[in-house]
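Work through the exercises below with the sequence and the model side by side, and try each task before reading its solution.

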Amino acid sequence: MSDQPSNGAAAESVRARGLAKMAEVYGTEFQDYPGAHFAVTADHLFADIWSRPALTVRDRRLILLGALTAQGAIDTAGIQIGAALRLAELTEEQLHEIALFLCHYVGWPNGTKLDLLVGTIVGQQKKAARQQRADAAGQSDAADGRSDAAAE
């Protein structure tokens with residue numbers, strides 16, 4: 001008998017590393033999905049490429065924002081913007097500065113689209129945070145109301 005893991009066990013280990021790195025990069029848990037596209041994404045892109053030690057996740061995100069903006073893939077850049085803000089890797093000010101900088105290297109239209117998207121995503125995240133605070137306050141008020149009613 002060999003002490004080496006079976007190919008199935010090795011593949012599961014790679015997939016687990018990929019899913020863990022995806023969660024780290026995007027700040028949310030990912031489920032395992034069937035299919036070759038997801039397999040290459042999780043097993044190669046995240047378990048291998050995003051996990052290499054020479055660059056941080058933030059470094060890779062900065063490079064990716066530049067590449068996506070250069071390609072005009074602004075919708076995909078939005079995923080990175082949201083994650084960078086959620087994980088506190090980049091501030092709103094830094095993201096606007098990145099967009100302005102990129103205007104000079106990838107063209108004013110693409111850099112401007114990125115800048116507008118930063119504003120949109122920041123606004124969405126601020127609105128969601130306000131809603132969460134209001135919901136939490138409402139739950140707290142409801143609990144206080146139950147406590148007041150019980151005390152009467």
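The exercises go from the whole chain to its cores, then to a helix pair and some single residues.

This is a predicted model, in which local features need pLDDT of at least 70 and side-chain atom pairs count only at pLDDT 80 or more, whereas totals for chains, interfaces and linings use all residues. Residues are numbered from 1 along each chain as its sequence is written, and side-chain values use heavy atoms, with hydrogens and water left out.

**Exercise 1. The whole chain**

Describe the secondary structure of the protein chain and state what share of its residues is buried.

Solution. Begin with the elements, which are DSSP runs numbered from the N terminus (helices are H or I with at least four residues, strands are E with at least two). The protein chain has 6 helices and 0 strands, and its pattern along the sequence reads α-α-α-α-α-α. Next, turn to burial, where buried means under 20% relative accessible area, exposed means over 50% and partly exposed lies in between (1.4 Å probe, protein chains only). By these cut-offs, 30% of the 152 residues are buried. The protein chain exposes about 9800 Å², of which carbon and sulfur atoms supply 57%, the areas coming from the Shrake-Rupley method with a 1.4 Å probe, with only the protein chains shown counting as cover for residues. Finally, consider contacts, meaning heavy atoms within 4.5 Å: among those between residues at least 6 apart in sequence, 57% join residues at least 24 apart.

**Exercise 2. The nonpolar cores**

Which residues have the most contacts inside the largest nonpolar core, and which elements give two or more residues to it?

Solution. A nonpolar core is a set of buried Ala, Val, Leu, Ile, Met, Phe, Trp, Tyr and Cys residues joined through side-chain atoms within 4.5 Å. The largest one has 18 residues, and those with the most contacts inside it are L65, I81, L85, L90, L95, I98 and L114. Two or more residues come from each of α3 (57-71), α4 (74-86), α5 (92-106) and α6 (108-151). Another core lies apart from this one and has 10 residues, including L19, V25, F38 and A83. To follow one member of the largest core, take I81, which, leaving aside neighbours within four places in sequence, is in contact with L65, L95, L114, L117, V118 and I121.

**Exercise 3. The packing of α3 and α5**

Determine how α3 and α5 are oriented and which residues meet between them.

Solution. Two packed helices are described by the angle between their axes and the distance between the axes. For α3 and α5 the angle is about 45° and the axes are 10 Å apart; axes are lines fitted to C-alpha atoms, for helices over the stretch in contact, and angles run from 0 to 180 degrees between N-to-C directions. Angles under 35 degrees count as roughly parallel, over 145 as roughly antiparallel, 65 to 115 as roughly perpendicular and the rest as oblique, and α3 and α5 are therefore oblique to each other. Where they meet, R58, L62, L65, G66, T69 and A70 in α3 face Q94, L95, I98, L102 and V106 in α5 as contact partners.

**Exercise 4. Single residues**

Are A70, A88 and V122 buried, partly exposed or exposed?

Solution. Start with A70 in helix α3, which counts as partly exposed because its relative accessibility is 43%. Leaving aside neighbours within four places in sequence, A70 is in contact with V106 and N110, and its C-alpha is 8.1 Å from that of Y105, 35 residues apart in sequence. Go on to A88, in the loop between α4 and α5, which counts as exposed because its relative accessibility is 68%. The phi of A88 is near 55°, a positive value in a residue other than glycine. Last comes V122 in helix α6, which is buried because its relative accessible area is 7%. Leaving aside neighbours within four places in sequence, V122 is in contact with L85 and E92.
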